[in-house]
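I opened this notebook to record what I looked up about the arrangement of the chains and about one sheet. The entries follow the order in which I worked.

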Protein chains: 2
Amino acid sequence: MSWELFEARMHELKDLDGVLGILSWDEETYAPPKGRIARGDQTSTVESIRHQRLVDPKLGELIDSLSAKSLGPAQSTCVQRMKRQRDLAVKVPESLVKETAIARSASLPAWQEARKNNDFPHFKPHLDRMLSLLRQKADALAPASGDRYDALLDEHEPEMTRAQVEPVLRELREGLVPLVEAIVGSGKKPRRDFLARTYPEQAQWDVTMRLLRDLGFDFERGRQDRSAHPFTGGASRLDVRVTTRIFENNPLSAIFSTIHEAGHGLYEQGFDQAHYRTALAAAPSMGIHESQSRLWENQIGRSKAFWEHYLPAVKTVFPKQLSGVSLEEFYAAVNIVEPSLVRVDADEVTYNLHILVRFEIELALVSGDLPTADLPTVWREKMRSYLGVVPPTDADGCLQDIHWAWGSVGYFPTYTLGNLWSAQIMNAYQKHRPQVWDDVRAGTFAPLLGWLRENIHGKGYLRSAKETVEAATGEPLKVVPFLSYLRSKYRELYGV
Amino acid sequence: MSWELFEARMHELKDLDGVLGILSWDEETYAPPKGRIARGDQTSTVESIRHQRLVDPKLGELIDSLSAKSLGPAQSTCVQRMKRQRDLAVKVPESLVKETAIARSASLPAWQEARKNNDFPHFKPHLDRMLSLLRQKADALAPASGDRYDALLDEHEPEMTRAQVEPVLRELREGLVPLVEAIVGSGKKPRRDFLARTYPEQAQWDVTMRLLRDLGFDFERGRQDRSAHPFTGGASRLDVRVTTRIFENNPLSAIFSTIHEAGHGLYEQGFDQAHYRTALAAAPSMGIHESQSRLWENQIGRSKAFWEHYLPAVKTVFPKQLSGVSLEEFYAAVNIVEPSLVRVDADEVTYNLHILVRFEIELALVSGDLPTADLPTVWREKMRSYLGVVPPTDADGCLQDIHWAWGSVGYFPTYTLGNLWSAQIMNAYQKHRPQVWDDVRAGTFAPLLGWLRENIHGKGYLRSAKETVEAATGEPLKVVPFLSYLRSKYRELYGV
């Protein structure tokens, strides 16, 4: 009997998550300008109700009573996952949850406005507010380490700590910096003139829709729309929403945005229907989620085999724009390594240096060592030091990402974890199916998707992040496979 | 202090209404097919939470305590409105609310499927289920009259009863039947060949967007999309969603759908910002809401003055399709009176006879006098008897409306009340501003919108339906103004 009561409460919470997913999708896609601002009232009300339901002592009693019982593995894991969620929520006061939702709804449009007008001071008070709320949250969570950042990281990457992330980022930096230097030093400049030509929006959209379909995205259970900042959301495995963005003079943006979000979307659609409306219909961590988007975007989408298949198709859509462009030229162009300003447009080699900038800055923002007024300056300094480039405007600098405006700190490192895991997972898959590149050359993605479904997607949150990776790859988190992948690929491309 | 507590609860309930508004908008516009079916889980969870909050005894105590206090008129009316809502909700068990939401989410797609395939038996079990749930609801509400239909009507048209509606519909029928006979008997057949030409979708869409803008719809606080069945919804006065539908070979459908929904949308956008998140940001009844859509659609949108202004503009969009069509011909075409099968496409003279068919049938469905298996037959009989036409398929017959599939009974009469009130309101406005038709001829709608805002929209639910009409027009519900409007208009058009 207590299982049924527990399950009904879990369903309710999961439904509210789905509601929040639709509200936020709507806010980012179709809501009218003043409706977006007002949406904060509705979102904060739902979040507050969700919080109240989660911290309800009766749910705590049900969890305690079920924890003492002998249940099947799926049921028992559900109880554990809900216990973790509830324990964290009990520590955060409802008023803080509500205040954060309201602050976010003011912060997001202010950030957009600031970015549009290159006006950091317009955003600064909102950032201060979000950071103050994040510190309050970290203090309320009071992690065992006593480290505020650990508390915020744990939300996105359970069981991971700053102490674990820092050496990984260091090892990675030690591998990346010489690689980037060698590539830049090679003096090789792949042809890119054709990328600046005009690719009409509708035709780009059609290409992204075909890609989504080919990769296995199920349009009976999802859709794609456009938003300023691409994301994956929605209500459940039955209703997954991905977005993309299109620039007429940069066709690769929409293509790789879509493939990236497709990776997230395929993951969400791949949760087991048996886990529908349960705590198991979730990724164990954001890093694992990101491993899927990165695997599709980079390992697959930036492979030569992929473009052997798609370049002819894309050329029929853009015959003039791509006239005379060879496969080798196109493949080189989608893999140009070049220290640049904007993270989401960065190549896969320099990308993690962008993360390093953000990781170090957000550590200092949370601790208070870095006053927000100094953020633009420090951002420029770190960009110069790690990437050798300096943003001429804050819009292309510290205002480029939505994360802090949203109130997410501790999220950035999960991108790098995702990159590392994607290489490990791809290695494991290649051992399982050596003909993977023949598949890709033929535009056949079902075997890969099937394997990911079996080993990762369908498991949902039955396993932790570490368990997921170890079960799928047979090894713990490693930096070397990712570095080896990069070295082997870019040795060929840049002759280094 | 109790006001603040009461207000916070009222805000929460109003926010949940807004959430449900966005969820249902999404379900009808963009949700993927399987997401639409799954949406029932989320909707029923939110409805159930809303119900629990509304029936919470603490809210009852706050209402009782405030009812005994001396408050300002707006506050005191808020308390009354919430008391009515709560009293009704207390009577309906939460399980029934939840079951209805789930049944509805199965019923709606089944109805769509049945309509598409002309397959009434596919829909029948869902209709039986909805009716059974409606009867349970009516019994739970236990109206003073002991009449189940009164309980269901009251939900849409507070304070109105079957005993009040029946004589009105009778008086109307006695006026309409001879008028329709005279028009049909006139033998006059306005030209309509140009309506069957092809009007490309995008161009039609552009026309509807221009109309919305011209009439005063604020796109900062709203948007238009497409759906199978046009409706007005959204989250609040700051986020109003209207929809339209477009048929390439029937340009009037989109135009008048849009003007109709614009009437609803302008009403919602016209609520007072001081009433935001309160029980006063609402129409006092569905009939009053409909009076606004009908006023814009028929009194304004089907007037000769309106087309004196818009026909030249529409001709520039569709020059070939409307080549050689005179103003008189177009005006006659948008006012063709002809007994037909589909309510939403019916002219304003026969429209209320469609309502009569539905009103009588839903009375019999609720009482159980009419088994659902006989619905198609009885529908055909009544159509023959009142309108002289018989639908060849159920898709054009008893499956045409969403209402019963949605679980709405007692809604149809509000359309007729809206028609009657729209004529009374327009008479009052003409007394106030005799140059109204010069305004319309000039495409100037701000004076009318301003007057409606002042006398109706901005009042929201400060006044009941009857008080609203009497304050705006100086008279109670009357049939004669509507009949006089029709007679004078169609005397000219059909020479009767």
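The entries below concern the symmetry, the interface and a sheet.

**Entry 1. Model and symmetry**

I note at the outset that the model is predicted. I first asked by what turn chain A can be laid on chain B. I found a turn of 180 degrees with a shift of 0.0 Å along the axis, and the superposition gives an RMSD of 0.0 Å. The two copies are thus related as by a two-fold rotation axis. I then looked up whether the contact surface is shared, and recorded that 100% of the contact residues of chain A recur in chain B, the same surface serving both copies.

**Entry 2. Extent of the interface**

How many residues of chain A are in contact with chain B? I recorded 34 residues of chain A in contact with 34 residues of chain B. For the area buried between chain A and chain B I noted about 3,100 Å². Carbon and sulfur atoms give 57% of that area.

**Entry 3. Polar features of the interface**

I next looked up the charged pairs and found 6 salt bridges across the interface of chain A and chain B. As an example I took the salt bridge in which the side chains of Asp26(A) and Arg241(B) meet, at 2.8 Å from N to O. For polar contacts across this interface, I recorded 16 residue pairs, with both residues at pLDDT 80 or more.

Which elements of chain A supply the side that touches chain B? I listed helix H1 (2-29), helix H2 (33-55), S1 and S3 of chain A, each of which supplies at least two residues. The largest share of that side comes from H2(A), with 12 residues.

**Entry 4. The sheet of chain A**

I then turned to the strands. In chain A, I found an open sheet of 3 strands in the order S1-S3-S2, with mixed pairing. Strand S1 (222-226) and strand S2 (232-236) of chain A stand at the edges with a single partner strand each, so one side of each is left without a neighbour in the sheet. Neighbouring strands of this sheet are turned by 20 degrees against each other on average, direction ignored.

For the pair formed by S1(A) and strand S3 (residues 239-244) of chain A, I noted the parallel sense and 5 bridges. Within S3(A), Val240(A) is the bridge partner of Gly222(A).

**Entry 5. A helix across the sheet**

Finally, I looked up helix H9 (residues 201-215) of chain A, which lies across S1 and S3 of chain A. I recorded that H9 runs at about 155 degrees to S1(A).

Key: Residues are numbered from 1 along each chain as its sequence is written. Chains are lettered from A and ligands numbered from 1 in the order in which they are written. This is a predicted model: local features need pLDDT of at least 70, side-chain atom pairs count only at pLDDT 80 or more; totals for chains, interfaces and linings use all residues. Side-chain values use heavy atoms; hydrogens and water are left out. Copies are superposed by least squares on the C-alpha atoms of residues with pLDDT of at least 70 in both. Contact means heavy atoms within 4.5 Å. Two strands pair if DSSP finds at least two bridges between them. Helices (H or I, at least four residues) and strands (E, at least two) are DSSP runs, numbered from the N terminus. Axes are lines fitted to C-alpha atoms, for helices over the stretch in contact, and angles run from 0 to 180 degrees between N-to-C directions. Buried area is the accessible area (1.4 Å probe) that two parts lose on being put together, summed over both. A salt bridge is a side-chain nitrogen of Lys or Arg within 4 Å of a carboxyl oxygen of Asp or Glu. A polar contact is a pair of N or O atoms within 3.5 Å; within protein, one must be able to donate a hydrogen and the other to accept it, and residues adjacent in sequence count only if both atoms are side-chain atoms.
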